[in-house]
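Biologist: Could you take me through this model and explain the terms as they come up?

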Amino acid sequence: MTRGKFIGAMLGGVAAMALSPRLGYAADENTPAPGGVANDCFRPGKPWLDTDGVPINAHGGGLLYVDGRYYWYGEIKVKGDAGNYAQVGISCYSSTDLYNWKNEGVALAVTDEAGSNLERGCILERPKVLQNKSNGTFVLWAHYERKGNGYNSAQVAVAVADNPRGPFKFVRAFRPNDQMSRDMTLFVDEQGVAWQVRSSEGNATLQLAKLTKDYLDCQPDFVRALEHTYPEAPALIYHDGWYHMIASHCSGWLPNAARHAVAKSVAGPWKELGNPAVGDNSAITFNSQSTYLLKPAGSNVIIYLGDRWEPKNPIDGTYIWLPLEIQDTQATLRWRDSWRLADVAT
Ligand code: GAL
């Protein structure tokens, strides 16, 4: 779907996203027009406007870096309870500086076809995209629940595209390794091996499985981590000899204390070290739940990406991006009202 159609769908359907372009924004550039107001810092929890001046709508998101440009994929939310179900699909934004994001439209669209997998009203959460270097495709995985089935499907939806902006074409929905898969992420390790990490076994345990060469499935074997502790919202990063995982406990849309675990290999063993958040509201991770960890290209800064969910009016959810300070195996997440990458550059 083009951006025009996306905006049309948002206005014409259940979505009532306020469109109030701020003067000075250039519609087609990644940065505002001369005289416009650019974002020059992260402001966790504050409305974050795209280059059209519209709040970014990319929840439960994940990032991908391709040829000097970051792509941010996320759940498109709308107003009211309907916003907790996929009414539009998965969004894609792009940026060269991580502060200013251009809306690239709907990357994966729901359909009106009754009974189809992506029928409007299904659940599509936590989309993550990888570039498969062996065949040039871009592969999107998301937590998928069939329409009308609550959270009982516990599957993934996999879709492919030949460029990062999409449109992505739905391939199939399934339980990887015949296992339940709800909150999930994708991660490429230091050996270039791609993994799916999922909350499985009734959300009680994480499972980690290598992807097949085409990234459309998991290899037959998988490992387990954080067993019987109800880990959700996993996000991984490699830093200085260690793989670090940030995850949450299991309390639905309500925030809880973040969890930090380290391992020498994605296959584990993973050692859990506690809540990396410190200070006021650290017990609820500053009212957020993890979705991704990013080390920007050429930088040693690690960014925690979290969601501040608003389940009564999901479109009002905001984003909590904070530096995750890592020293050996220790990680610390501190609140900042606003910050820039240069503030924490190592
Ligand atoms: C959370 C999960 C979200 C969403 C929500 C639904 O625990 O992290 O992605 O599934 O539950 O209640």
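The two speakers go through the chain, its sheets, its unusual residues and the ligand shell.

Biologist: How do you know what kind of model this is, and how the residues are numbered?

Modeller: The model is predicted; local features need pLDDT of at least 70, side-chain atom pairs count only at pLDDT 80 or more, and totals for chains, interfaces and linings use all residues. Residues are numbered from 1 along each chain as its sequence is written.

Biologist: What makes up the secondary structure of the protein chain?

Modeller: The protein chain has 2 helices and 21 strands. Helices (H or I, at least four residues) and strands (E, at least two) are DSSP runs, numbered from the N terminus.

Biologist: Why is Asp-67 called exposed?

Modeller: A residue is exposed if 12 or fewer other C-beta atoms lie within 10 Å of its own, buried if there are 20 or more, and partly exposed in between, with C-beta atoms placed from the backbone. Asp-67 has 6 C-beta neighbours inside 10 Å, so Asp-67 counts as exposed. Asp-67 sits in the loop between strand E1 (59–66) and strand E2 (69–75).

Biologist: And what makes Leu-226 buried?

Modeller: Leu-226 has 20 C-beta neighbours inside 10 Å, and therefore counts as buried. Leu-226 belongs to the loop between strand E12 (218–225) and E13.

Biologist: Which class does Ser-116 fall into, and why?

Modeller: Ser-116 counts as partly exposed because 13 C-beta neighbours lie inside 10 Å. The loop between strand E4 (102–109) and E5 holds Ser-116. The C-alpha atom of Ser-116 is 9.0 Å from that of Arg-146, 30 residues apart along the chain.

Biologist: What is notable about phi in Asp-67 and Leu-226?

Modeller: Most residues other than glycine have a negative phi, and most peptide bonds are trans. Asp-67 has a positive phi near 50 degrees, and Leu-226 also has a positive phi near 50 degrees.

Biologist: Where are cis peptide bonds found?

Modeller: One joins Gly-166 and Pro-167, with omega about 5 degrees. Another joins Gly-268 and Pro-269, again with omega about 5 degrees. Pro-167 lies in the loop between strand E7 (155–161) and strand E8 (169–174), and Pro-269 in the loop between E15 and E16.

Biologist: Why are E13 and E16 called edge strands?

Modeller: Two strands pair if DSSP finds at least two bridges between them. The open sheet has 4 strands in the order E13-E14-E15-E16, with antiparallel pairing. E13 and strand E16 (271–274) each have a single partner strand, so one side of each is left without a neighbour in the sheet.

Biologist: How do you know that E13 and E14 pair?

Modeller: E13 and strand E14 (residues 242–248) are joined by 6 bridges and run antiparallel. One bridge sets Ile-237 against His-244 in E14. The hairpin of E13 and E14 has 2 residues between the strands, and Asp-240 takes a positive phi near 50 degrees there.

Biologist: What makes E15 and E16 a pair?

Modeller: Strand E15 (residues 259–263) and E16 share 3 bridges in the antiparallel sense. His-260 is opposite Gly-274 in E16.

Biologist: Why is E13 described as largely enclosed?

Modeller: E13 has 8 residues and 6 of them are buried, so E13 is largely enclosed by the rest of the structure.

Biologist: What makes the sheet of 5 strands open, and which strands are at its edges?

Modeller: The order is E17-E21-E20-E19-E18, with mixed pairing. Strand E17 (277–278) and strand E18 (289–294) are the edge strands, each pairing on one side only. E18 pairs with strand E19 (residues 303–308) in the antiparallel sense over 5 bridges, and Gln-289 has Asp-307 as its bridge partner in E19.

Biologist: How do you know which residues are around the ligand?

Modeller: A residue is near a molecule or strand if its C-beta atom, placed from the backbone, lies within 6 Å of it. The residues around the ligand include Glu-125, Arg-126, Glu-232, Ala-233 and Gln-289. Strand E5 (123–131) and strand E13 (232–239) are the elements that give two or more residues to the shell.
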